[in-house]
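Here are a few short exercises to work through with the structure open beside you. Try each task before reading its solution.

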Amino acid sequence: VEFVRQWSVEDDREIQAKVVGAAYPHLVGALALATGDVAVAEDLAQEAIVRFLSKWDATRSLDNPAAWLYRVGLNLARSRWRRAAAERRSLTRAGPPRESRDHDGADAVALWGALDTLTARQRQAIVGRYYLDMTPAEIAEAIGCRHSTAKAHLRDGLASLRTLGLGTHDDLEVPTP
Amino acid sequence: MIDLSERLHRAVPEDQPLPDLDRLRDRASSRNTAHQRFRFGAVICAALLLVGGTLALRNQARHSTSASSPAQPTSSTDVEEFTSSPADTGPCYQGLSGIVFGGTYGDGLCLAVAPPSEDGTMVWFVADGTNNGGTRFQACSKTPAGVIKSIGDPATGPSFFVVAADVTSLSIPLDSGSSLTAQTVSVAGIDGVRFAATRYPADASVTGPISLNTDPLGGTVECTAP
C-alpha cells in the first residue's frame, strides 16, 4: 500500500476556481442564448455553480463540467418558468427587453430574432451544439430527451435558421433516416 | 457565410466578470447544511417510528404470552462494547462523504472516500477535520494476513488501520491493563482490505502487540473486479 501526498484544502479550492473560471463565461452565454435574457442567464449560471459546488464529491470527477452546468441551468430555467407562468408567457411571446441581449449590433439582433423563431428545445439543442460544442448525446441528456430526438431538434432547428439566412457546415444538416 | 457557431459567440458577451467564488461556496455550504439537517430530522423521525413500533409489537407479544408462559428469570450477559466502531456513512471531509466512526474513542475520525476512478478508489484518513493523508486502493488491494498498516501515531494519537479482509476487530492492549477494541469496516468497491480507526485515552499508551480478531468467513470474499 503506497501512501500519497497529503490532501489539502487548497487543492479543492484551486480545482473549483479553475473549473468555474473556465466554464462560467460560456455558461452565461449559453443560457442567455437559450433563455433570451442575459440577466436571467447570470442568475441561472450562478445558481448552477452553487449546485456544482454543493455536490462537489460527485461533480469533481465529471468529464464535461460545462455540459453538466448547462443541463442544471436549463432545469433551473424550466423550474423558474413553471413557477411564474406570466413571466414565461412574456418570455416566449414578447421576448425579453432588447437592451438586455443586444451585444454586437445588427448581426446579433438578427440572430436573436432567428433564435426566437425556434421552439425551446430546438433552441436549447442549437445552443448546446454550436455554442458549447456538445455532442448530440450530451445535448439529449441536457434537455432531457432521447438521442434521436435531440438530433431531430438540431436538424429542424438548423432548417429553420437556414431559411433565415443562418447556416453552418455540419453533418447534422443532412437528414438522417 | 459566417458560421453559426461564430455568430452565436458574437451575439453574447463572453467577458463576463466571474462571480465571487467564496460567496457561492458559502451558499453551497449553507445549502448542504440545510439538507443535512432535513436528512437528520428524517432519520430521527424514522428511528422514533421504528422504536415505537417495535416497543408496541413487543408489548403486544408479551401480553399475549404472559397468560400461558410462566415468568422466566432473566440472566445478564456481558456485552462487549466497541470503543471505536463505524457509526454511519455521511459527510466527512471537503465535500467527500465517507464512513464516520463513533463512540468515545472514534468520535471525530472518519474515512473520506473519493468517487472511484480508473485509478482506483482514494481513501483519506481524517481526524478532527485534519486530513492525515490518503491511500489509493484498487478493488483487489490486499494486505497480507496478520500485517497492519497504520497511519498516525499508533501509540498515542488518532490512528487508522488497514488490515486484511477477514479481520473483524483489533484489540489494543493499554498500560492500564485494559484494552481497546476497534471494529473494522469495509469500504464499498474495495474488497481486499478492511479499515479501523481509534484514538487513545489521554493517560494511556499501548503496551504490547495489537492482536487481530478474524472471522474466517470474511476471508472468503472473492474480489470480483476485472
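**Exercise 1. The fold of chain B**

In what order do the elements of chain B run from the N terminus on?

Solution. Keep in mind that this is a predicted model. Start at the N terminus of chain B and walk along: the order is α-α-β-β-β-β-β-β-β-β-β-β-β-β. Tallying by type gives 2 helices and 12 strands in chain B. Next, look at burial: of the 226 residues in chain B, 35% are buried. Finally, take the contacts in chain B with a separation of 6 or more; 50% of them join residues 24 or more positions apart.

**Exercise 2. The disulfide**

Find which cysteines form a disulfide in chain B, and work out which parts they tie together.

Solution. Begin with the total: over all chains, the structure holds 1 disulfide. The partners are Cys92(B) and Cys110(B), with sulfur atoms 2.0 Å apart, which sits inside the 2.5 Å cut-off. Now check the twist: the angle about the S-S bond is 85°, and the link is right-handed. Then place the two ends. Cys92(B) belongs to strand β1 (residues 85-93) and Cys110(B) to strand β3 (residues 109-113), so the bond ties together parts of chain B that are 18 residues apart in sequence.

Are these two cysteines buried or exposed? Buried means under 20% relative accessible area. Cys92(B) comes in at 17%, so it counts as buried. Cys110(B), at 7%, is buried too.

**Exercise 3. Where chain B meets chain A**

Describe the interface of chain B and chain A: how much area is buried, and which elements of chain B take part?

Solution. First, count residues: 44 from chain B are in contact with 53 from chain A. Second, get the area. Interface size is often given as the accessible area lost when the parts come together. Here the two chains bury about 4300 Å² between them, with 62% of it on carbon and sulfur atoms.

Third, go through the polar side of things. There are 7 residue pairs in polar contact between chain B and chain A, counting pairs with both residues at pLDDT 80 or more. The rule also finds 2 salt bridges across the interface; one of them pairs Arg13(A) with Asp22(B), at 2.6 Å from N to O.

Fourth, map the chain B side. The elements giving two or more residues are α1 (4-11), α2 (21-66), β2 (96-102), β4 (121-127), β5 (130-137) and β6 (149-152). The most comes from α2(B), with 9 residues. By type, the chain B side divides into 21 nonpolar, 12 polar and 11 charged residues.

Notes: Residues numbered from 1 in each chain as written. Chains lettered and ligands numbered in written order. Predicted model: local features only at pLDDT ≥ 70, side-chain atom pairs only at ≥ 80, totals over all residues. Heavy atoms only, no water. Contact = heavy atoms within 4.5 Å. Buried area = accessible area lost by both parts, 1.4 Å probe. Salt bridge = Lys/Arg side-chain N within 4 Å of Asp/Glu carboxyl O. Polar contact = N/O pair within 3.5 Å; in protein donor to acceptor, adjacent residues only side chain to side chain. Helix = DSSP H or I, 4+ residues; strand = E, 2+ residues; numbered from the N terminus. Nonpolar A, V, L, I, M, F, W, Y, C, P; charged D, E, K, R; others polar. Buried < 20%, exposed > 50% of the residue type's maximum accessible area, 1.4 Å probe, protein only.
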